[in-house]
Amino acid sequence: MTTQIQVNKEKEGYFGKYGGRFVPPVLEGKLKNLAESFKKYAFTKEFEEEFISLLKTYVGRPSPLYYARRLSEDIGSKIYLKREDLNHTGAHKINNTIGQILLAKKLGAKQILAETGAGQHGVATATAAALFGMKCKVFMGAEDIERQSLNVDRMKLLGSEIIPVTQGLGTLKDAVDAALGYYIEHPDAYYLLGSAVGPHPYPTMVAHFQSIIGKEAKKQIKEAEGKLPDAVLACIGGGSNAIGIFKDFISDENVKLFAAEAAGEGINTDKTAATLTLGKEMIFQGTNSLCLADKEGNPINSHSVAAGLDYPGIGPEHAYLRDTGRVKYYGITDKEAISAFRLLSEKEGIIPAVESAHAVALALKLLKNKNQLAIINVSGRGDKDVERI
Ligand SMILES: Cc1ncc(COP(=O)(O)O)c(C=O)c1O
């Protein structure tokens with residue numbers, strides 16, 4: 001966001017030096033109210049019961065933790081897959097949209113706004129809006145509309161309006177800019193942000209709603225193996241599925257946490273989305289975090305074969321976890337991800353989202369013949385990618 005900003009110096013919403021809320025005055029009060037409402041409602045018994053009940057009966061949680069025998073033999077480590085691809089709508093995104101739509105309902109919102117890259121968050125928001133009888137507008141880059149057309153048709157069927165975004169490269173960054181721009185002009189709407197990015201309270205709130213993934217996985221691996229895993233792996237775009245599965249393991253020092261960001265055509269090329277490897281600290285889209293930048297320090301566009309990872313920013317909690325060393329972040333190229341996409345399909349009969357395939361590729365890189373016990377978060381399913389890959 002390049003509009004006039006108001007600096008919020010509250011420590012709440014910060015992860016070390018990262019985070020905060022840097023928004024125009026018209027949104028400051030609105031987001032402050034959202035932060036207060038999140039604290040007031042989301043931890044009450046009534047809210048939690050409704051949230052968990054919907055996750056169970058509508059989304060289909062808990063998602064299974066599946067022992068991937070043939071993949072394990074291939075890699076030479078014992079691999080379990082956390083099957084977020086089996087959720088209703090086909091990805092982890094629905095966990096967050098159900099949580100936020102319940103909050104939007106409490107706030108009396110009539111119109112929901114969302115951005116989407118891969119279309120999974122758009123579909124999840126359109127679904128939640130249909131479920132609660134709310135109007136929904138989804139901003140989506142023109143390039144992403146083309147490469148994720150299956151999800152565009154799904155959103156339309158669900159009764160949402162798609163707003164094509166042609167500025168920039170027509171990818172996720174541009175969709176977020178357009179959604180924020182519309183929100184500034186229509187502050188009565190509820191902006192249902194899809195990842196652990198943006199101004200406070202979104203990074204905290206989205207991580208909270210996604211932390212169900214790690215809570216379940218921890219319980220499930222203990223039941224299956226009688227112990228914690230050596231490693232947990234996830235792909236990372238803005239950072240919501242990764243923080244969702246990592247959160248409950250952060251205090252378990254012996255569990256290694258690995259995240260796969262999109263290196264695109266390579267870390268040393270200008271066609272990359274490896275923000276944690278290459279990004280500079282700056283205020284971008286309402287938060288102080290890392291972002292890919294040119295020599296003058298201006299945000300630049302990213303590239304990845306995976307629309308959901310094709311984003312130059314990153315959630316502030318991940319920037320902090322990188323600095324502390326608790327999570328290790330690695331770049332996975334388009335080629336490596338596509339090859340892992342095929343491998344998981346052939347070895348296990350599971351076609352992953354090309355985003356999730358980045359995490360599988362990272363397991364191939366780090367765990368080859370290491371005899372480790374690991375969980376890979378399969379953040380979504382790959383139907384949307386079949387035609388292009
Ligand atoms: C299946 C899937 N996985 C991962 C991501 C990346 O998002 P995040 O880093 O917020 O989990 C997306 C984003 O669209 C997605 O659709």
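Mentor: Helices in this description are DSSP runs of H or I with at least four residues, strands are runs of E with at least two, and both are numbered from the N terminus. The model under discussion is predicted.

Trainee: In which helix is Pro203 found?
Mentor: The helix in question covers residues 202-210. Pro203 falls within that range, and the helix is α9.

Trainee: Is Pro203 buried or exposed?
Mentor: A residue counts as buried if 20 or more other C-beta atoms lie within 10 Å of its own. Among the contacts of Pro203 beyond four places in sequence are Gly19, Ala196, Thr287 and Glu317. Because 31 other C-beta atoms lie within 10 Å of Pro203, the residue is buried.

Trainee: How many of the nine residues of α9 are buried?
Mentor: The buried residues of α9 include Tyr202, Met205, Val206 and Phe209. The helix is largely enclosed by the rest of the structure, because the number of its nine residues that are buried is eight.

Trainee: Which residue of the peptide bond from His200 is cis-linked in the loop between β10 and α9?
Mentor: The peptide bond that follows His200 is cis, with omega near 15 degrees. The residue on its far side is placed in the loop between β10 and α9, and that residue is Pro201.

Trainee: How far apart do the C-alpha centres of domain 1 and domain 2 lie?
Mentor: The domain assignment gives domain 1 as 15-51 + 93-207 and domain 2 as 61-91 + 211-385. Contacts between them involve 40 residues of domain 1 and 39 residues of domain 2. The separation of their C-alpha centres is 22 Å.

Trainee: How many residues of the side of domain 1 that touches domain 2 are nonpolar?
Mentor: Among the elements giving two or more residues to this side of domain 1 are α4 (93-106), α5 (120-131), α8 (172-185) and α9. The residues on this side include 15 polar and six charged ones. The nonpolar residues number 19.

Trainee: Which strands stand at the edges of the open sheet of six strands?
Mentor: The order of this sheet is β5-β6-β16-β11-β12-β15, with mixed pairing. Neighbouring strands in the sheet are turned by 30 degrees against each other on average, direction ignored. Each edge strand has a single partner, so one side of each is left without a neighbour in the sheet; the two are β5 (65-67) and β15 (327-333).

Trainee: Which residue in β16 does Tyr80 stand opposite?
Mentor: Strand β6 (residues 78-83) and strand β16 (residues 373-378) run parallel and are joined by six bridges. In β16, the residue opposite Tyr80 is Ile375.

Trainee: What angle does the direction of helix α15 make with that of β11?
Mentor: Helix α15 (residues 354-366) packs on the sheet and touches β6, β11 (231-236), β12, β15 and β16. Helix α14 (residues 334-348) lies across β12 (256-264) and β15, and runs at about 90 degrees to β15. For α15 and β11, the angle is about 140 degrees.

Trainee: Which residue in β9 does Gly141 stand opposite?
Mentor: An open sheet of four strands has the order β9-β8-β7-β10, with parallel pairing. Within this sheet, β8 (residues 135-141) pairs with β9 over five bridges. The residue in β9 opposite Gly141 is Val165.

Trainee: Which residue takes a positive phi in the hairpin of β13 and β14?
Mentor: Five bridges join β13 (residues 280-284) to β14 in the antiparallel sense, and Phe284 has Thr287 as its bridge partner in β14. Two residues lie between the strands of the hairpin. One residue of this hairpin takes a phi near 45 degrees, and it is Gln285.

Trainee: Does Asn371 count as buried or exposed?
Mentor: Asn371 has a positive phi near 55 degrees and is placed in the loop between α15 and β16. A residue is exposed if 12 or fewer other C-beta atoms lie within 10 Å of its own. Because it has 10 C-beta neighbours inside 10 Å, Asn371 counts as exposed.

Trainee: What is the mean pLDDT of the protein?
Mentor: A pLDDT of 70 or more is reached by 97% of the residues. Over residues 1-10, however, the pLDDT is below 50. For the protein, the mean pLDDT is 96.

Definitions and conventions
Residues are numbered from 1 along each chain as its sequence is written. This is a predicted model: local features need pLDDT of at least 70, side-chain atom pairs count only at pLDDT 80 or more; totals for chains, interfaces and linings use all residues. Two residues are in contact if their C-beta atoms, placed from the backbone, lie within 7 Å. Two strands pair if DSSP finds at least two bridges between them. Axes are lines fitted to C-alpha atoms, for helices over the stretch in contact, and angles run from 0 to 180 degrees between N-to-C directions. pLDDT is the predictor's confidence in each residue, from 0 to 100. Domain bounds come from an automatic or database domain assignment. Ala, Val, Leu, Ile, Met, Phe, Trp, Tyr, Cys and Pro count as nonpolar, Asp, Glu, Lys and Arg as charged, and the others, Gly among them, as polar.
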